[in-house]
Amino acid sequence: CRHYLIISYFAYNMLTYSLKQSEIKKKWYLIDASGLVLGRLAVKIASILRGKHKTIFSPHLDCGDNVIITNASKVVLTGNKSKQKKYYKHTGYPGGLKEQYFKDIIKGDNPEFIIKKAVERMMSANALSKKQLSNLRVFKDENHEMDAQKPENINFSEMNRKNSVS
């Protein structure tokens with residue numbers, strides 16, 4: 001009987017913490033993508049956008065942080081993927097399947113598309129993920145207008161030797 005009292009005491013006092021929207025504090029992070037591997041970078045960005053790096057992570061709330069990516073045109077793929085990888089889109093008309101190679105997109109006008117698409121595919125497809133993706137800002141070169149937010153630099157290449165191609 002005495003053991004029952006001790007167990008019930010601990011079970012009563014161990015309540016699950018529920019995060020409220022007003023308690024969420026968002027930070028800004030800056031990542032320089034030059035020389036970084038696309039897939040590894042996309043995983044890290046998706047984790048930050050969702051808020052999984054925080055101890056207060058709640059899957060039903062937007063508790064993630066804001067991410068700024070610079071030098072999107074200098075992101076790399078390993079192996080022969082830079083020559084072989086294709087991106088498809090369909091116009092909606094019969095025979096309207098269009099394809100573009102990775103190397104053509106990187107050298108073109110919109111290299112930000114590649115990082116946005118990679119991060120989008122790392123996240124689940126729901127309304128909350130679309131809101132979290134709006135916290136991602138990608139720029140093709142080093143110039144960005146986000147200095148007022150005072151972003152904290154993340155040196156992603158130093159976290160693991162496989163994160164960058166030397």
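# A guided tour, starting at K150

Select K150 to begin: with a relative accessibility of 69%, K150 counts as exposed. You will find K150 in the loop between β5 (136-138) and β6. Look at the backbone here too, since K150 has a positive phi of about 50° although it is not a glycine. Keep in mind throughout that you are viewing a predicted model.

**Stop 1: N71**

Now select N71, in the loop between β2 (66-70) and α3 (81-84). Is N71 buried or exposed? Its relative accessibility is 2%, so N71 counts as buried, the cut-off for that label being under 20%. The backbone of N71 has a positive phi, near 55°, and N71 is a residue other than glycine.

Show the surroundings of N71 next. Setting aside residues up to four places away in sequence, N71 touches D32, A33 and S34, and also F139, K140, D141 and E142. Zoom in on E142 in that list: its backbone nitrogen is 3.3 Å from a polar atom of the N71 side chain.

**Stop 2: the β3 and β4 hairpin**

Colour β3 and β4 next. These two strands pair in the antiparallel sense, over 5 bridges. To see one position of that pairing, select K89, whose bridge partner in β4 is K98. Then follow the chain through the turn: the hairpin has 6 residues between the strands, and G92 takes a positive phi near 100° there.

The side chains of this hairpin deserve a look as well. Select E99 and K86, which meet in a salt bridge at 3.9 Å, N to O. E99 belongs to strand β4 (residues 97-101) and K86 to strand β3 (residues 86-90), so this pair ties together parts that are 13 residues apart in sequence. E99 is partly exposed at 41% relative accessibility, and K86 is partly exposed at 32%.

**Stop 3: an aromatic pair**

How many aromatic pairs does a search of the whole structure find? There is 1. Select Y87 and F113 to see this edge-to-face pair, with ring centres 5.7 Å apart and 70° between the planes. Y87 lies in strand β3 and F113 in helix α5, so the pair ties together parts that are 26 residues apart in sequence. Y87 is buried, with a relative accessible area of 7%, whereas F113 is partly exposed at 30%.

Before leaving Y87, add K85 to the selection. K85 lies over the face of Y87, at 5.1 Å from the ring centre.

**Stop 4: along helix α5**

Stay on helix α5 (residues 112-122) and pick K117 and E120, which are 3 residues apart and separated by about one helical turn. K117 and E120 form a salt bridge, and their closest N and O atoms are 3.8 Å apart. K117 counts as partly exposed at 21% relative accessibility, and E120 counts as partly exposed at 39%.

**Stop 5: more salt bridges**

Side chains of opposite charge can pair when their charged atoms come close. In this model the count comes to 7 salt bridges.

Select K27 and E152 for another one of them: the closest N and O atoms of this salt bridge are 3.0 Å apart. Which parts of the chain does this pair tie together? K27 sits in the loop between α1 (2-13) and β1 (28-32), and E152 sits in strand β6 (residues 152-154), so the parts tied together are 125 residues apart in sequence. K27 is partly exposed, at 39% relative accessibility. E152 is partly exposed too, with a relative accessible area of 37%.

Then select K26, D62 and K131 together, because these residues are linked in a network of salt bridges.

**Stop 6: L128**

Finish at L128, in helix α6 (residues 127-133). L128 is partly exposed, with a relative accessible area of 21%. Leaving aside neighbours within four places in sequence, which residues is L128 in contact with? They are P59, H60, L61 and D62, and D62 is also part of the salt-bridge network with K26 and K131. For a last distance, draw a line between the C-alpha atoms of L128 and L61: they are separated by 7.6 Å, although the two residues are 67 residues apart along the chain.

Notes. Residues numbered from 1 in each chain as written. Predicted model: local features only at pLDDT ≥ 70, side-chain atom pairs only at ≥ 80, totals over all residues. Heavy atoms only, no water. Salt bridge = Lys/Arg side-chain N within 4 Å of Asp/Glu carboxyl O. Helix = DSSP H or I, 4+ residues; strand = E, 2+ residues; numbered from the N terminus. Buried < 20%, exposed > 50% of the residue type's maximum accessible area, 1.4 Å probe, protein only. Pairing = 2+ DSSP bridges. Polar contact = N/O pair within 3.5 Å; in protein donor to acceptor, adjacent residues only side chain to side chain. Contact = heavy atoms within 4.5 Å. Phe/Tyr/Trp six-rings, centres within 6.5 Å; stacked < 30°, edge-to-face > 60°. Lys NZ or Arg CZ within 6 Å of the ring centre and 35° of its normal.
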